[in-house]
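Dear colleague,

I am passing a structure on to you, and I would be glad if you could look through it before reading my notes. What I found follows below it, arranged by topic.

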Amino acid sequence: MAEVDMDELLEQLKSEFSDYISDRLSSIYATLDQAKTGEVKGGDALRELRREIHSLKGSGSTFGYPIVSLIAQRLETYCSDLKDLDEKQIAAIQTFADRIAEMAELEEQPDIAATNQIIRRLPTRFEFDITDVEVRDVEIMLVTPNKLVARKAAGELAACGFRVNIVSDPIEAISIAVRMPPDMIIASAVMDGLGGIDLIRGLRAMSVTSHVPAALMTSMGADQLKGVPADAGVIRLGATFGDDIAATITRFNLG
C-alpha cells in the first residue's frame, strides 16, 4: 500500500511541476512577444523575465529536474547586465525557454555527457563584434560574487572566444560543476561561505571534477595562499590581470 501511495505522490509532484513549468514558460513567451511588438519596453520585459528565470532555476532541482535548473542558470547569466532587448536576444532567450520545455517533458533526465552537449548548444552572448574572434568549444566557469571582477574577467575570456558561465555563489558552483564539469574553473579567493581555495580543493577531491583545471583570482600575497593546489593557476587582481589570464589559458592548453 505504501508503494502505491508513494507512486501516487510522485505522479502528483510530477504533475504539479509540469503545471508550474508551463505557467513560468507561458509568462516568458508572452513577455518576449510583448517586447518584440514594442508593447512592453525592454527594461520592463527584462525585469519580468529575470523573475521567472529565477523561479525556474530554483524549482528544477527541487522537483528532480536538475537540467532545468542548469539551463535556467545559463539563461540568468545570459540576461545579466542586459539593459534592453533586441531581436537577436529575444530569439536567444526563446531558445533557452524551448530547451527548458523539452527537458521538462523527458521521462528520464540526461546523463552528464548528454547534459554537457545540451548546455554547450545554448546561445552565448558576446558584448562585442565576434567576427574576428574564433568562438571555441571551451566552457569556463567563473565563480565570483564581485560583479566588476566578473565583468572584467568575462570580457577577457570572451575576447579569446571562450564560453563563460558566471556563478556568484560558490556552493551553487559545486552543484553545477558536478552535474556539468567545465573545461576550467576560475574562482575568487575571498567569497562568503566558501573561499576560492577551499572550493578548488573540494572540487579536486571529487572524481567527476578532479581533472578540471583551476585558477584562483586574488590580490593576496604568496604567504596567504597556503593550501592552493600546486597545479592551480594564480591570477592577480591588478595591472597584470589580463596577462595572468592569458598565461593561465596557455598553461592549461585551452587556447
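To begin with a point on the surface: does Met6 count as buried, partly exposed or exposed? With a relative accessibility of 45%, Met6 counts as partly exposed, because that value falls between the 20% limit for buried and the 50% limit for exposed. Please keep in mind throughout that this is a predicted model. Met6 lies in helix α1, which covers residues 2-37, and together with Leu9, Leu13 and Phe63 Met6 makes a nonpolar surface patch of about 320 Å².

Turning to the interior, the largest nonpolar core has 47 residues, and of these Ile71 and Leu85 touch the most other members. If you centre your view on Ile71 and leave aside its neighbours within four places in sequence, you will find Ile71 in contact with Phe96, Arg99, Ile100, Met103, Ile118, Ile119 and Leu122. Apart from this core lies another one, of 19 residues, which includes Val138, Ala150, Phe241 and Ile245.

The salt bridges come next, and their count is 13. One of them joins the side chains of Arg151 and Asp81, with a distance of 3.2 Å from N to O. Arg151 lies in helix α6 (residues 147-158) and Asp81 in the loop between α3 and α4, so this pair ties together parts that are 70 residues apart in sequence. Arg151 counts as partly exposed, at 44% relative accessibility, and Asp81 is likewise described as partly exposed, with a relative accessible area of 41%.

A further salt bridge is formed by Arg120 and Asp183, whose closest N and O atoms are 2.9 Å apart. Here Arg120 belongs to helix α5 (residues 112-120), while Asp183 sits in the loop between α7 (170-179) and β3 (184-188), so the pair ties together parts that are 63 residues apart in sequence. Arg120 is buried, with a relative accessible area of 15%, whereas Asp183 is partly exposed, with a relative accessible area of 25%.

Glu139 and Arg163 also form a salt bridge, with their closest N and O atoms 3.4 Å apart. This pair links distant parts of the chain, since Glu139 is in strand β1 (residues 139-143) and Arg163 in strand β2 (residues 163-167), 24 residues apart. Both Glu139 and Arg163 are buried. You may also wish to look at Arg24, Glu48, Arg51 and Glu52, which are linked in a network of salt bridges.

Two residues deserve a look for their backbone angles. Most residues other than glycine have a negative phi. Asp81, already met above in its salt bridge with Arg151, has a positive phi of about 70° although it is not a glycine; the loop that holds Asp81 runs between α3 (66-79) and α4 (87-104). Asn253, another residue that is not a glycine, has a positive phi near 55° and is placed in the segment after α9 (241-251). At 67% relative accessibility, Asn253 counts as exposed, because this value is over the 50% limit.

As for the cysteines, how many disulfides does the structure hold? The number is zero. Cys79 is buried, with a relative accessible area of 1%, while Cys160 is partly exposed, with a relative accessible area of 29%.

Finally, a word on Pro66, which is found in helix α3. At 21% relative accessibility, Pro66 counts as partly exposed, because buried would require a value under 20%. Once its neighbours within four places in sequence are left aside, Pro66 is in contact with Gly60, Ser61, Gln109 and Arg179. To give you a sense of scale, Pro66 and Ala232 are 166 residues apart in sequence, and their C-alpha atoms are 29 Å apart in space.

With kind regards

How values were computed. Residues numbered from 1 in each chain as written. Predicted model: local features only at pLDDT ≥ 70, side-chain atom pairs only at ≥ 80, totals over all residues. Heavy atoms only, no water. Core = buried A, V, L, I, M, F, W, Y, C linked by side-chain atoms within 4.5 Å. Buried < 20%, exposed > 50% of the residue type's maximum accessible area, 1.4 Å probe, protein only. Contact = heavy atoms within 4.5 Å. Patch = residues over 30% accessible without salt bridge, like charges linked within 9 Å, V, L, I, M, F, W, Y side chains within 5 Å. Areas by Shrake-Rupley, 256 points an atom, 1.4 Å probe, with all protein chains shown as cover. Salt bridge = Lys/Arg side-chain N within 4 Å of Asp/Glu carboxyl O. Helix = DSSP H or I, 4+ residues; strand = E, 2+ residues; numbered from the N terminus. Disulfide = S-S within 2.5 Å.
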